[in-house]
Every structure is written in structure tokens, then in C-alpha cells.
Amino acid sequence: MSVRVVLLSHSADVARGVADLAGQMASTATVVPVGGTADGRLGTDADALEAAVEAGLAAGEEVAVLVDLGSAVLTARTVLAELPAGAGVALVDAPFVEGAVAAVVTASTGAGLAEVVAQAELARDLRKG
Amino acid sequence: MSPALTAAGARDWLQRFATAVDEHAADLTDLDRPIGDSDHGVNLQRGMRAVLAALDAADPATPGAVLLKAGSTLVSTVGGASGPLFGTLLRRTGKALGDAESVDAAALGSGLRVGLDAVTALGGAQVGDATLVDALAPAVESLEAGGSVTEAAEAAARGAASTDELVARKGRASYLGERGIGHRDPGAASTALLFAALADGDGAGAS
């Protein structure tokens, strides 16, 4: 079962930019940017996230959700809490950019959700100094 | 709240809350300025306007359905942390009230307990972390102990005031550490407004 990677950011530009960056390294994975509010402000849109997740499930995919800051985490938890148990959707506890790249690259190898999540969460330990 | 809260009473409550948020939007935003991104008042104002429009369109038949609709609308329109937090509070409270046509203060307290537990599960905050939970928890406990909505509103106001002396442990305000002392949490302040709006309906025939 393939894994769709959903990127939830406060900013449409950030979500799209990170999707471009990660997609450039692994063009076969499905990456869906969800950024900003419905009326074009900075913020997170629960309805848009839900739609992106539901579209993945409807396509027979598992879904890994990466989030940027603060309320994005709360929005994602709120949406995921409404899904039936065992729906095949995971909130990834990883830095947004590094985690997105790791998730997309892993997903493009055909790995399942557990491995995509595990690889993305390893990005937490990438030291830069 | 001797007469029980009906669907109309619940809508009046949220209408009064929306009015209070309008009146205090600048204050709430000022509270959010030193430690947040100055959007709490504006976000909640936008969210409550959407709530009133959604309630007009849907015309829910029970107080539980009113709160459920209001919560769902906040989650999808606010954009900031107050959307999921206030939205979850109202949604889960509304669900817990079920399809009762009217609820008394004790039943509302039981419903709000479910909402409070969902908020703490969502955000991880406990009493003392300088969040909306500091106002919400004492108000819910007051209702559960048989208190009136006026007593619950007083408990929420005291809880909000208690955040003045707390170090924030959740959200962006936590970056400030002890520099946040002397500062009221905006989410606790707006929660106090929510309960004040509930109490304002008492005796006015609206609830």
C-alpha cells in the first residue's frame, strides 16, 4: 500500500516549497501541500487537511501527516482524532523540512506507513553543529 | 441558570460571547502581543462571526447540537491554536450533551468536563501551565460541585487572573519563561469571557 505524504503548514508558500523540495528528490511519491487558511491568511485549515487525508484514504493509500508549528499540531490532532481507529493515518513527530524529505524519499521506495514514519522521525536527531 | 439551557439559550450564550469578544478584541490582542503573534482577539472574533452565521444557517434543535456546530465551525475557520482548542471544547461538550432538549447547570458541567478532558488531551496542558485550562478547569469543577453559572463564571475569572503570576509551559508563550510572569494568558482571559457570557444569561430569561 503506498503512502501519501501530507504537509500542513501555516503558510501556503512554505507547504508548497517543502513539497517541491521533497518531490524533487523523489518524484514518484504523492506529496500534498496544505498551507494557510481558506481565506488566504497564515494559519492552518482543518477542513483542507481533512480533505487531503480523506482523498488519500479514498485512493487506497496510507497517509503520513507532517506539520510545522504550534497550532498546526493541534489542528492535525483534532482532525486525526475524528478518524476511525486503524484508518492508516499517522501524525509524524519530526522537523518539518527534514522529516518531509525523509518521508517522501522513503514513501517513494514503496515502504509502508510504519517505515515512512520511523525514517521521518529519525530526522529529529540530525545535528547541524 | 435555574431555567435550563435550551437550543435558543445556547445560541444566546454564544451570541453574548461573540459580543464580548468583539468588545474585548483589542484587549485580547494586546495580551497576545508580548508573547504570541497578536492574533488571538482577531482570530476568535473571526471565528465567532462564522459561528453565528453557521448557527443561523443550520438552526440546530438542541443545545448539544448548537455547541457541536459552533465547535466545528471554530476548528475550520480560526486558523490559530484557539480554533482547535475552543473548537474541541465546544464540539466535545456538545456531543456529550447528546440530544437533550434542555440541560441544567449540573448537566452542562458534566458535558463541559468531557470538553475539558478533550482539551487537555489535545494540548497536553494542565492547571498551572498558564493556558485556557487555568480558567476552564475551575469553572467546570464549580458546576460539577453544584455551583451556579454565576459561581462558575467567578471561578473562571479567578482562574484567568491566576495566570498573571504563572510561567507559561505551553505554546509560543513558553519561550518567554519567567519573563512571562505578570502577564495574563489570552486564552484564559477569553475563557473567562465565555463563562461570563453564560452567567449573563442567568435571570434574563434567555437561558
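This report covers helix H2 and strand S1 of chain A.

The model is predicted: local features need pLDDT of at least 70, side-chain atom pairs count only at pLDDT 80 or more, and totals for chains, interfaces and linings use all residues. Residues are numbered from 1 along each chain as its sequence is written, with chains lettered from A and ligands numbered from 1 in the order in which they are written.

**Helix H2(A).** Helices (H or I, at least four residues) and strands (E, at least two) are DSSP runs, numbered from the N terminus. H2(A) has 13 residues, 46-58. Its end C-alpha atoms are 18 Å apart, which agrees with the 18 Å expected at 1.5 Å a residue (1.5 Å times one less than the number of residues). Its buried residues are Ala46(A), Ala48(A), Leu49(A), Ala52(A), Val53(A) and Gly56(A). Buried means 20 or more other C-beta atoms, placed from the backbone, within 10 Å of the residue's own. An α-helix has 3.6 residues a turn, so residues three or four places apart point the same way. The cover over these buried residues includes S1(A) and, from chain B, helix H3 (63-77). Gly60(A) follows H2(A), with a positive phi near 80°.

**Strand S1(A).** Seven of its seven residues are buried. Val3(A), Val5(A), Leu7(A) and Ser9(A) point one way; Arg4(A), Val6(A) and Leu8(A) point the other way. Strands pair if DSSP finds at least two bridges between them.

| Partner of S1(A) | Sense | Bridges | Opposite residues |
|---|---|---|---|
| S3(A) | parallel | six | Val3(A) and Glu62(A) |
| S2(A) | parallel | six | Leu7(A) and Pro33(A) |

From S1(A), the chain crosses through helix H1(A), residues 12-25, to S2(A) in a right-handed β-α-β crossover (clockwise from the first strand over the helix to the second, with the strands pointing away from the viewer).

Methods: Buried ≥ 20, exposed ≤ 12 C-beta atoms within 10 Å, placed from the backbone. Contact = placed C-beta atoms within 7 Å.
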